[in-house]
Amino acid sequence: MLKRRLRARLELCRELVALAKRGGSIIFSPVTLEDLRSRLVGGSVIIMCVDTKYLMDISRKTGHYVVISGITDPDSQVSQPYVYVHDPLRGASKFIPVKDMLEACNSWFGSVIYVAPKTKTKGEV
């Protein structure tokens, strides 16, 4: 059992190193509106681990991943910023207030994975 856990942790470390080499990053600190906006405007997609208690009508804490692919423009006429969330549990993609997403994320370890578009190397089409 212990060997299996060690192998799994070693594999996770390898995968995290590979992600970092490809330009990805994982942040284990509170995520802010500025973090989200700068990454999304830069073309990244965000995989966010959230506590579903904040997004659904349930009483217990449960971790869950969602994908965020857009954010409202700061110059838009909405009263607060919204992110475009793809969630397999909630069905069709929808806009959710950023404050709700940040609360759901930061209450559940505050972890996100930023997936940046691959940059082309010289000579690549």
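Strands, like helices, are taken here as DSSP runs numbered from the N terminus, a strand being a run of E with at least two residues. On this basis Val115 is placed in strand β6, which covers residues 111-115. The structure under discussion is a predicted model, and the values reported below are computed from that model.

At the surface, Val115 joins Val45 and Val67 in making a nonpolar patch of about 170 Å². The relative accessible area of Val115 is 37%, and the residue is therefore classed as partly exposed. Since membership of a patch calls for over 30% relative accessible area and no salt bridge, the value of 37% for Val115 is in keeping with its place in the patch formed with Val45 and Val67.

Aromatic contacts were examined next. A search over the whole structure returns 1 aromatic pair. This pair consists of Tyr84 and Phe95, whose ring centres are 5.0 Å apart and whose planes meet at 50°, so that the arrangement is classed as tilted. Because Tyr84 belongs to strand β4 (residues 82-87) and Phe95 to strand β5 (residues 91-97), the pair ties together parts that are 11 residues apart in sequence. Both partners are partly exposed, with a relative accessible area of 28% for Tyr84 and of 48% for Phe95.

With regard to charged side chains, the count comes to 1 salt bridge. Asp100 forms a salt bridge with Lys99, and the closest N and O atoms are 3.1 Å apart, a separation that falls under the criterion of a side-chain nitrogen of Lys or Arg within 4 Å of a carboxyl oxygen of Asp or Glu. The accessibility of the two residues was also computed: Asp100, at 26% relative accessibility, counts as partly exposed, whereas Lys99, at 51%, counts as exposed, the boundary for the exposed class being over 50%.

In the interior, Leu36 is found in helix α2, which comprises residues 33-41. The relative accessible area of Leu36 is 0%, so this residue is classed as buried, the limit for that class being under 20%. When residues up to four places away in sequence are not counted, Leu36 touches Val31, Ile46, Met48, Val83, Val98 and Leu102. Among these partners, Val83 lies within the range of residues 82-87 given for strand β4. A further relation involves Ile68, which is 32 residues from Leu36 in sequence, while the C-alpha atoms of Leu36 and Ile68 are 9.0 Å apart in space.

Technical notes. Residues are numbered from 1 along each chain as its sequence is written. This is a predicted model: local features need pLDDT of at least 70, side-chain atom pairs count only at pLDDT 80 or more; totals for chains, interfaces and linings use all residues. Side-chain values use heavy atoms; hydrogens and water are left out. Patches are made of residues with over 30% relative accessible area and no salt bridge: like charges are joined within 9 Å, nonpolar side chains (Val, Leu, Ile, Met, Phe, Trp, Tyr) within 5 Å. Accessible areas come from the Shrake-Rupley method with a 1.4 Å probe; for residues, only the protein chains shown count as cover. Helices (H or I, at least four residues) and strands (E, at least two) are DSSP runs, numbered from the N terminus. Buried means under 20% relative accessible area, exposed over 50%, partly exposed in between (1.4 Å probe, protein chains only). Rings of Phe, Tyr and Trp (its six-membered ring) pair if their centres lie within 6.5 Å; planes under 30 degrees apart count as stacked, over 60 as edge-to-face and the rest as tilted. Contact means heavy atoms within 4.5 Å.
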